[in-house]
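Student: Please pick one part of this structure and take me through it closely, in connected prose and with the cut-offs stated as you go.

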Amino acid sequence: PQQGPLDITTEFGRLYVKPNEICVIPQGIRFSVALEGPSRGYILEVYDGHFRLPDLGPIGANGLANPRDFLTPTAHFEDRSVDGYRIVSKFQGALFVATQNHSPFDVVGWHGNYVPYKYDLARFMVINSVSFDHCDPSIFTVLTCPSNRPGTAIADFVVFPPRWSVQEHTFRPPYYHRNCMSEFMGLIFGRYEAKEGGFLPGGASLHSMMTPHGPDHRCFEGASNAELKPERIADGTQAFMFESSLSMAVTRWGEETCQKLDARYYECWQALEKHFHL
């Protein structure tokens with residue numbers, strides 16, 4: 001959720017999910033979502049594999065999202081008779097509806113580890129450079145759903161929390177690049193450092209694989225001329241990224257009906273100048 005908490009009921013119990021928290025519901029688990037008022041947010045659905053913690057490698061035993069901070073529901077059941085209770089299921093990309101006369105949440109207990117869970121993004125332990133260079137955003141990975149190709153993922157969920165920036169002799173913001181992954185950026189609150197002007201909470205940007213992108217002109221000029229002293233960045237901000245080795249498409253609703261598409265987005269780079277000196 002980006003605005004408004006979610007009161008989620010599942011067959012395993014209930015989860016109360018506030019903005020800056022995430023909830024993961026594995027395939028096949030029945031759930032319902034109740035709202036307390038206006039609400040919006042971001043949803044990512046994967047069709048191949050499951051989310052898990054990334055391999056930490058040289059980081060060692062602790063760092064990034066620690067297992068102890070993920071919360072699962074306490075068993076809870078609902079013994080309620082309801083005429084015409086509607087169960088909506090998704091199958092082969094289509095939605096189907098069945099009716100029954102009792103609540104689907106009449107499960108008294110559960111065991112095992114195939115369960116829904118939530119996580120507070122404020123508990124993410126940031127790993128960062130303390131010498132030089134801008135690290136690959138993989139160091140900000142909360143959860144990953146790996147693909148069959150090493151080094152790529154069906155989906156990565158990445159966050160950019162408040163942190164210290166101390167690199168020397170370095171362009172600190174994200175560098176200009178293109179890669180073999182599609183990048184969907186979102187903003188829960190605050191201002192995103194690489195594009196402060198036009199990237200608002202609740203909005204999103206999509207850079208498809210091999211599409212060049214990077215900081216806007218204002219960010220480039222500021223970071224190129226700033227004194228490189230230790231500074232706090234992203235305070236009061238929570239940006240995130242869905243990254244995938246698969247292509248993503250904008251829906252017709254998003255492209256035409258919503259009328260919020262920024263057709264002049266490319267202009268944020270037009271003022272960039274050449275800096276070759278012969």
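Tutor: Setting aside residues up to four places away in sequence, His 134 touches Gln 167, Thr 170, Phe 171, Arg 172, Pro 173, Pro 174 and Tyr 175, where contact means heavy atoms within 4.5 Å. The model is predicted, with local features requiring pLDDT of at least 70 and side-chain atom pairs pLDDT 80 or more, while totals for chains, interfaces and linings use all residues. Numbering runs from 1 along each chain as its sequence is written, and side-chain values use heavy atoms, leaving out hydrogens and water.

The side chain of His 134 also reaches the backbone oxygen of Arg 172 at 2.7 Å; a polar contact is a pair of N or O atoms within 3.5 Å, one able to donate a hydrogen and the other to accept it, with residues adjacent in sequence counting only if both atoms are side-chain atoms. His 134 is covered by the annotation "active site" in an unreviewed UniProt entry, and such annotations may be inferred rather than shown by experiment. Its place in the chain is the loop between β8 (117-120) and β9 (141-146), strands being DSSP runs of E with at least two residues. His 134 is partly exposed, at a relative accessible area of 22%, since buried means under 20%, exposed over 50% and partly exposed in between, with a 1.4 Å probe and protein chains only.

The strands that flank this loop lead on to the largest nonpolar core, which has 27 residues, and in which Tyr 119, Phe 124, Val 142 and Phe 157 touch the most other members. Such a core is a set of buried Ala, Val, Leu, Ile, Met, Phe, Trp, Tyr and Cys residues joined through side-chain atoms within 4.5 Å. Among the strands that each supply at least two residues of this core are β8, β9 and β10 (153-160). Beyond its sequence neighbours up to four places away, Phe 157 touches residues including Ile 22, Val 142 and Phe 240.

Phe 157 also belongs to a cluster in which ring pairs link Tyr 42, Phe 157, Phe 184, Phe 240 and Phe 242. Rings of Phe, Tyr and Trp (its six-membered ring) pair if their centres lie within 6.5 Å, planes under 30 degrees apart counting as stacked, over 60 as edge-to-face and the rest as tilted. The centres of Tyr 42 and Phe 184 are 6.4 Å apart and their planes stand at 75°, so this pair is edge-to-face.

Technical notes
Helix = DSSP H or I, 4+ residues; strand = E, 2+ residues; numbered from the N terminus.
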